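Here is a short tour for anyone about to look at this protein from the bench. Have the sequence and the model open as you read.

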Amino acid sequence: MSNKMEYMRLGNSGLKVSKIILGGMSFGSSKWESSPWTLDEPEALKVIKKAYDLGINTWDTADTYSNGASERIIGKALKEFKIPRSKVVILTKIFNPVMDDDSRPVPKNDGVLVNQMGLSRKHVFEAVDRCLERLGTDYIDVLQIHRLDRETTPAEIMQALHDLIRSGKVHYTGASSMYTWEFAQLQHVAILNHWTPFISMQPFYNLLYREEEREMLPFCQATGVGVIPWSPLARGLLAKPLDEGSARKEADGKAKAWFGDANMEIVGRVEEVAKRKGVSMVLVATAWVLGKGCAPIVGLSSERRVEEVVEASGVKLSDEDVKYLEEEYRTRSIQGIFPFCERAALHVSKLSIKTPALRNMTISDPQPLPLTSTLSSLPPLESTSQFLRAETRRQLQQNPSTPLLIALDDDPTGTQTCHGIPVLTTWSIPTLIAEFTQTAPGSGFFVLTNSRALHAPAARALIAEICQNLQAAAKETGKAFEVVLRGDSTLRGHFPDEPEAVEGVLGKADAWLLCPFFLQGGRYTIENVHYVAEGETLVPAGQTPFARDATFGYRSSDLREWVEEKSKGRLKKEKVISLELGDIREGGAERVADIVCAIEKGSGTPVVVNAAAEEDVDVVVLGILKASARGKKFLFRSGAAFVSARLGIDPIPPISAKQLQLDPRKGGLIIAGSYVPKTTAQLDVLVKRSGDRLTTVILDVEKLLKSPESAEAALAEALKTAETEINKPHDILVMTSRKLIIGDDEVESLDIGSIVAKVLVQFLQRLKSKPRYVIAKGGITSSDMATKGLNMKRAEIVGQAAAGVPLWRCDEPTCKHPGLPYVVFPGNVGSNDTLFEVVDRWRV
């Protein structure tokens with residue numbers, strides 16, 4: 001074994017570990033977690049041998065990694081290479097279930113998994129025995145709890161671990177990601193009872209995620225606990241330039257889920273420092289972690305990577321380097337603490353949000369409300385409310401100076417309340433000039449940005465580019481315009497990044513109007529609290545699964561607090577103005593105009609629009625038109641309802657098969673890539689109720705991710721079946737396998753990566769037959785199918801296939817199938833029967 005590697009004591013213990021710890025998560029089976037970068041046994045053994053030869057004597061694994069295969073490979077390495085057990089330090093972890101196949105289910109101690117996971121005394125003792133058996137050794141140097149079992153008392157956990165140490169099967173114990181107060185509680189219980197406390201903490205820590213610097217790292221330093229971070233390279237994002245691909249980047253859904261709100265400019269800075277020092281990005285990112293006094297756990301994919309990383313301790317970062325790498329960091333949403341802890345999250349939110357800017361901000365706790373009685377208790381609508389939309393159209397027609405409304409849609413589902421206007425999927429200046437020229441005063445159009453699928457810096461850059469082009473088109477045509485950022489009605493999306501990007505190009509607005517109301521989706525804003533209707537209950541948005549989105553998560557249901565939370569405290573809730581339902585329903589458009597006209601010019605003041613009916617939005621629009629005529633400048637961030645109200649578009653019934661004049665000689669095509677539970681439920685109903693009138697083709701995600709050859713074989717088979725069925729004619733459903741669905745609060749597991757998306761696009765590109773129609777299920781799926789699969793550049797919004805389900809038609813010659821009815825079916829809209837009802841109505 002080489003003596004090139006440096007070693008350090010693990011906390012205050014006498015145990016010394018290599019400063020680089022070999023990570024064992026990448027040893028085992030590529031089928032586990034659908035991770036094609038995982039090394040099989042022969043390749044893993046080579047990496048372990050090289051690591052040992054170069055002095056990396058500390059190896060970290062877990063019983064759950066590839067369901068025990070990682071531990072077995074490490075055990076085989078000890079035996080095959082005749083490595084003395086005393087020469088290495090083996091760390092493993094317990095908590096999760098270990099399955100007999102390649103699955104990784106949601107860790108829930110119930111049903112078939114009862115007592116097969118967690119930190120009960122029973123499971124801890126049994127799990128350690130199985131770890132020792134797989135490792136082929138008599139003891140574990142450091143046994144770590146992989147996650148905290150919040151169903152088992154701290155006393156039971158710590159006594160069981162202490163007894164394992166006394167038995168000789170374990171020498172030391174450590175912990176991994178949890179809240180600092182929970183870790184402190186465990187340590188306190190151990191010390192109080194004269195049991196053995198933890199010597200190490202394994203947190204999620206890297207240049208893109210530094211939230212542990214707030215509490216966990218200072219606590220560990222103060223109490224003599226060694227820190228051995230996992231994912232020091234941010235799941236490989238810090239290892240290569242952003243524009244350089246890899247198998248992991250292509251398939252790793254967790255990278256997007258965990259780093260969606262990270263500032264990716266930091267990756268570019270790592271690249272700059274690496275170039276300046278003549279070393280790799282891996283060495284710079286690893287040296288930064290080492291400089292914090294930590295021993296990072298690094299996953300290594302080849303012998304060459306091992307040789308590279310051992311040089312990290314020789315890379316010296318100056319104070320200027322460190323400052324340059326750190327200064328662009330922005331506060332992140334909490335990651336890595338799983339399973340989701342309602343009790344812990346509630347504890348934190350009631351105290352404060354753990355960022356410096358928000359340290360004194362408390363989150364209110366609105367309660368769910370009964371839907372029907374709540375709506376009936378509100379101030380009544382005016383008897384003339386039904387004529388409001390017509391009044392909007394009249395005002396738009398009478399005032400030719402009313403700006404065009406350009407709706408920048410962060411996914412294609414935002415067209416779900418409109419008809420008779422176009423949606424563009426490109427935004428070149430000539431394209432926008434042509435659209436400005438033919439758009440009537442006061443009308444508008446959509447531009448599909450799909451920015452919700454991007455990281456925040458990329459989204460900001462995209463919005464800025466589009467606004468610059470809009471500005472050029474406006475100058476050329478002499479027409480004024482205003483922008484509405486159409487976003488998710490459950491508050492997910494790039495806020496305030498996108499409004500700030502718009503203002504960076506077009507100048508400061510007087511007010512940002514926030515109107516996420518969307519009747520068809522059951523989204524209401526009452527007394528500034530945004531609610532999601534679930535059956536007959538109004539649930540505060542911050543308490544729904546949407547709020548636990550790993551990329552766009554939030555805690556606040558009160559929109560004033562949401563503004564402060566999402567802006568990291570820069571936009572104070574006290575500065576947010578409200579258009580209350582009393583103002584709207586009793587004061588009318590004139591009262592709305594007075595309120596917004598009183599806002600300071602160029603202040604960009606956020607304004608919450610309360611709305612419980614479409615007529616409320618109509619009143620606000622009329623007030624905005626009055627204020628615009630007085631010179632006020634607005635920027636809108638809204639759900640779908642605001643756009644149709646502002647354009648004076650009346651709702652129409654769902655479009656029928658007769659209206660579409662569907663071709664009876666062809667079968668219809670449904671493509672489903674969305675993984676939200678609502679979509680899965682709708683697909684189940686569609687398949688069961690359609691019976692033999694529908695052929696289903698399931699694209700096995702594991703086969704798509706296994707290899708390009710495997711993906712091609714699955715694609716070819718799907719195409720063959722589709723060609724046959726469409727020409728029978730017979731309806732066909734092409735869907736991705738549902739195996740990876742694990743629930744609303746595990747968003748990172750739902751995103752199966754761009755590989756699957758590319759296969760679905762290739763399917764539509766290579767399909768020769770023109771179907772009777774195409775239904776694309778899911779926002780991202782429908783965007784990809786329209787822009788890449790069918791090459792749509794400009795489409796007409798025909799109407800809706802069902803309430804809240806947009807129907808497009810592209811007549812452009814560049815489109816693969818001009819005139820084809822194309823349905824953008826959102827993942828979370830409708831009842832479980834809605835998809836079947838659309839397909840059934842459109843059968844010929």
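What follows covers the overall fold, one helix and the cysteines. Please keep in mind that this is a predicted model. The protein has 29 helices and 29 strands. Its radius of gyration of 29 Å is close to the 28 Å that the globule rule gives for 844 residues, so the protein is as compact as a globular protein of that length.

**Overall build**
- The C-alpha trace spans about 85 × 65 × 55 Å along its principal axes.
- Of the 844 residues, 59% are buried.
- Taking contacts between residues at least 6 apart in sequence, 79% join residues at least 24 apart.

**Surface and charge**
- About 32,000 Å² is exposed, and carbon and sulfur atoms supply 51% of it.
- There are 103 positive and 106 negative side chains, with the centres of the two sets 3 Å apart.

**Helix α19**
- Helix α19 covers residues 559–566, and 7 of its 8 residues are buried, so the helix is largely enclosed by the rest of the structure.
- Its buried residues include W562 and V563, along with the charged E561, E564, E565 and K566.
- The packing partners of these buried residues are β16 (511–515), β17 (523–526), β18 (529–534) and β21 (605–609).
- After α19 comes K568, with a positive phi near 55°.

**Cysteines**
- The structure holds 0 disulfides.
- For C418, the nearest cysteine sulfur is that of C515, 13 Å away; C418 is buried, with a relative accessible area of 0%.
- The sulfur of C597 lies 18 Å from the closest cysteine sulfur, in C515, which is too far for a bond.
- C597 is partly exposed, at a relative accessible area of 23%.

Notes:
Residues numbered from 1 in each chain as written. Predicted model: local features only at pLDDT ≥ 70, side-chain atom pairs only at ≥ 80, totals over all residues. Heavy atoms only, no water. Buried < 20%, exposed > 50% of the residue type's maximum accessible area, 1.4 Å probe, protein only. Helix = DSSP H or I, 4+ residues; strand = E, 2+ residues; numbered from the N terminus. Contact = heavy atoms within 4.5 Å. Disulfide = S-S within 2.5 Å. Rg over C-alpha atoms; globule rule 2.2 N^0.38 Å. Areas by Shrake-Rupley, 256 points an atom, 1.4 Å probe, with all protein chains shown as cover. Charge placed at Lys NZ, Arg CZ, Asp CG, Glu CD.
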